[in-house]
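User: I would like to know how some of the terms used for a structure are justified. Please go through them with me.

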Amino acid sequence: MSNLTGKKALVTGGSRGIGAAIAKRLAADGADVAITYAGNVTAAEAVVAAIEADGRKAHAFQADGSDTDAQAAVVQRAAAALGGLDILVHNAGVANFAPIADDSIAQYQRQFGLNVDGVFAGTLAAVPLLSDGGRIIIIGSVNAHSMPTAGGAVYGATKAAVAGLARGWARDLGSRGILVNVVQPGPVDTDLNPADGDFAKMLVPLIALGRYGRVEEVAALTAFLAGDEASFITGATIDIDGGFSI
Ligand code: NDP
């Protein structure tokens, strides 16, 4: 269990799925939380209301994470609203599974734009604002190192890219005590990858535990990495996949 009382956290893509669960969990552990979202204001407001009902401060900001200027600006807005920044969770991401014969430059740029450019721009803006001893946590994917189906080349490459960035940033920021880690989920039940979808029929037999992950399980690992007990973990890529990639 981590105690994040007094910490200020920003979660990108916090309106739905894994990001919403992370935002709520960090707040339940005591943090004030800002989230970004792309377009779903109703879902974003519901997350804010849930956090406020828990007694913490919450803010939601619309920003397209693949627009590097918008991403930098929203990091600054969030830090100003929170009164500082201790924890940055890069969660917003998109996936488009298509074999190379059916792929396109547009889909390549869409995925790299959000999953990599957005992470880089957000970190660049956050570094001067983050407190010493702070945390940068990236939601990657086991597809960074494991690709059991066709069609995931570009998505996997984006997640391998952020794992590489995290290792480098862990070196760059270690002298300030800022820990940089990557949480790498396997299949998790969200709008992006519903456990009752066609893709799931192919994936579930490959998961040792025989089921999809829950967003709360990814949020628990993220909260651990945000807390004091993770004080000697940096530059790590940690799989949470029910045995999908073993
Ligand atoms: P969802 O599609 O359920 O939620 C995506 C979230 O990101 C929403 O809050 C959405 O906002 C936001 N978002 C989407 N596009 C943008 C954008 N251009 N700019 C800013 N925010 C954006 O995704 P998941 O919760 O499933 O995925 C979250 C992360 O976890 C991603 O990085 C994904 O790659 C990773 N992941 C997911 C796995 C899974 O099986 N679900 C497995 C491994 C990794 P809005 O509500 O406004 O649309």
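Analyst: The questions below deal with one residue and then with the ligand, in a model that is predicted.

User: Why is Val-182 called buried?

Analyst: Buried means under 20% relative accessible area. Val-182 has a relative accessible area of 0%, so Val-182 counts as buried. This residue, Val-182, is found in strand 6, residues 179-185.

User: Which residues is Val-182 in contact with, leaving aside its neighbours within four places in sequence?

Analyst: Contact means heavy atoms within 4.5 Å. With those neighbours set aside, the residues in contact with Val-182 are Ile-138, Gly-140, Val-162, Ala-163, Ala-166, Ala-236, Thr-237 and Ile-238.

User: What makes the pair of Tyr-155 and the ligand a polar contact?

Analyst: A polar contact is a pair of N or O atoms within 3.5 Å. An N or O atom in the side chain of Tyr-155 is 2.6 Å from an oxygen atom of the ligand, so the pair meets the cut-off.

User: What are the distances for Asn-193 and Ala-63?

Analyst: For Asn-193, a side-chain N or O atom is 3.0 Å from an oxygen atom of the ligand. For Ala-63, a backbone N or O atom lies 3.4 Å from a nitrogen atom of the ligand. Both values are within 3.5 Å, so these pairs are polar contacts too. On its own the ligand has 900 Å² of accessible area, and the protein covers 92% of that.

User: Where does the ligand sit?

Analyst: The ligand sits in the largest pocket. Helix 1 (17-28) and helix 5 (153-173) each supply at least two residues of the shell around the ligand.

Technical notes:
Residues numbered from 1 in each chain as written. Predicted model: local features only at pLDDT ≥ 70, side-chain atom pairs only at ≥ 80, totals over all residues. Heavy atoms only, no water. Helix = DSSP H or I, 4+ residues; strand = E, 2+ residues; numbered from the N terminus. Buried < 20%, exposed > 50% of the residue type's maximum accessible area, 1.4 Å probe, protein only. Polar contact = N/O pair within 3.5 Å; in protein donor to acceptor, adjacent residues only side chain to side chain. Areas by Shrake-Rupley, 256 points an atom, 1.4 Å probe, with all protein chains shown as cover. 1 Å grid on protein atoms, 1.4 Å probe; cavity = no way out; pocket = protein on both sides within 12 Å on 5 of 7 lines; lining within 4 Å. Sits in = over half its atoms within 2 Å of the grid points.
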